[in-house]
Amino acid sequence: MNKLTATLAIAGALFSGASLAQSPAKPTVVLVHAAFPDSSSWNGVAQIPRKDGYRVVAAANPLRSVSGDAAYVSSIVESIEGPVVLVGHSYGGQVITTAANGRNNVKSLVYVAAFAPDAGEAAAELAGKFPGGTLGQALAPPVKLADGNVDLYIDQSKFREQFAQDVPVAEATLMAMGQRPITEAALTEKAGNPAWKSLSSWFIYGEGDRNIPAQALGFMAQRAGSKHTVVIKDASHVVMVSHPKEVAALIEEAAK
């Protein structure tokens, strides 16, 4: 009887081990913020996949240049064992479009009110491709840098109306005060080979986006062959702040 029990125990352990070996690990979700907000803009989204068993990393995007920012995010991806879902908001979309190149563990891309440029395109160019964007009118006077470049901010008095009209006033005010600037050069730098041509992509954005017109976002989603595009009625540019559940659901869809 003892031998039979031991045999069954060993068989059970082997079967259990085989099942675990055949079950792929859940991807790590890497979130890349845009110009003006910081990593905390992902807080509402990040906690959802984390509760569902995904590891989540909210990268601190330097916002200095497309090539430099993409290299930074790429190094984070390289340090992660197992599959990765790369998620970018706004300018962060341009960053992940480049950062995924050469990283075989990146399995999918999620664009959250984000740029998905083709080779030779810049964020500023895509934002103006269709009418409706008003970011230029909402910018504060540029801050001149020692290297000859300039940093761009949104005028705090115009921040909520331009960027986050569906976010509570108190929260939008804090976002305006804690802005992360982006260099003008980053917004005008041309993209290289786009990863969305070889990786599956998902898109979500709001109809009320005043930074990147919804028509431009829809154009990029269609061009990239989006697996699933979610358009949220009247949502602002920071759709991940105002509609975290919908954004998190799409990320988990891309992760599966």
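Twelve helices and nine strands make up the protein, described here from a predicted model. The C-alpha trace extends over about 85 × 35 × 35 Å along its principal axes. Half of the chain is shielded from solvent, in that 50% of the 256 residues of the protein count as buried. The accessible surface amounts to about 11900 Å², and carbon and sulfur atoms contribute 55% of that area. Among contacts with a separation of 6 or more, 75% involve residues 24 or more positions apart. The protein carries 21 positive and 22 negative charges, and the mean positions of the two sets lie 7 Å apart.

Strands of a sheet pair through backbone hydrogen bonds, in either a parallel or an antiparallel arrangement. Both arrangements occur in this model, the parallel one in a sheet of six strands and the antiparallel one in a sheet of three strands.

The six-stranded sheet is open and has the strand order β2-β1-β3-β4-β8-β9, with parallel pairing. Its edges are formed by β2 (56-59) and β9 (229-232), each of which pairs on one side only. On average, neighbouring strands of this sheet are turned by 15° against each other, direction ignored.

At one edge of the six-stranded sheet, β1 (residues 28-32) and β2 run parallel and are linked by four bridges. Val32 has Ala59 in β2 as its bridge partner. The two faces of β2 differ in their cover: Val57 and Ala59 lie on the covered face, whereas Val56 and Ala58 lie on the uncovered one. Arg55 belongs to the loop that connects α2 (43-51) with β2. Apart from neighbours within four places in sequence, Arg55 is in contact with Pro27, Thr28, Val29 and Ile80. For one of these residues, Val29, the C-alpha atom is 6.2 Å from that of Arg55, with the two positions 26 residues apart in sequence numbering.

At the other edge, β8 (residues 200-206) is joined to β9 by four bridges, and the two strands run parallel. Within this pair of strands, Phe203 stands opposite Thr229 in β9. Helix α10 (residues 214-223) packs on the sheet and touches both β8 and β9. The direction of α10 makes an angle of about 170° with that of β8.

The second sheet is also open; its three strands follow the order β5-β6-β7 and pair in the antiparallel sense. Its edge strands are β5 (143-144) and β7 (182-183), each pairing on one side only. Strand β6 (residues 150-152) is connected to β7 by two bridges, and the two strands run antiparallel. Asp151 has Thr183 in β7 as its bridge partner.

Outside the strands, Thr97 is located in helix α4 (residues 91-99). Thr97 counts as buried because its relative accessibility is 1%, which is under the 20% cut-off. When neighbours within four places in sequence are set aside, the contacts of Thr97 include Tyr111, Phe115, Ala116 and Pro117. Thr97 is also in contact with Asn193, Pro194, Ala195 and Trp196. Asn193 is 96 residues from Thr97 along the chain, and the C-alpha atoms of these two residues are separated by 8.1 Å.

Positive phi values were found at two residues that are not glycines, Phe36 and Ala113. Phe36, with a phi of about 85°, is placed in the loop between β1 and α2. The side of the cut-off on which Phe36 falls is clear: its relative accessible area is 4%, so Phe36 is buried. Ala113 has a phi of about 45° and is placed in the loop between β4 (106-112) and α5 (123-127). With a relative accessibility of 0%, Ala113 likewise counts as buried.

Terms used
Residues numbered from 1 in each chain as written. Predicted model: local features only at pLDDT ≥ 70, side-chain atom pairs only at ≥ 80, totals over all residues. Heavy atoms only, no water. Pairing = 2+ DSSP bridges. Axes fitted to C-alpha atoms, helices over the stretch in contact; angles between N-to-C directions. Contact = heavy atoms within 4.5 Å. Buried < 20%, exposed > 50% of the residue type's maximum accessible area, 1.4 Å probe, protein only. Areas by Shrake-Rupley, 256 points an atom, 1.4 Å probe, with all protein chains shown as cover. Lys, Arg positive; Asp, Glu negative; His and termini not counted. Charge placed at Lys NZ, Arg CZ, Asp CG, Glu CD.
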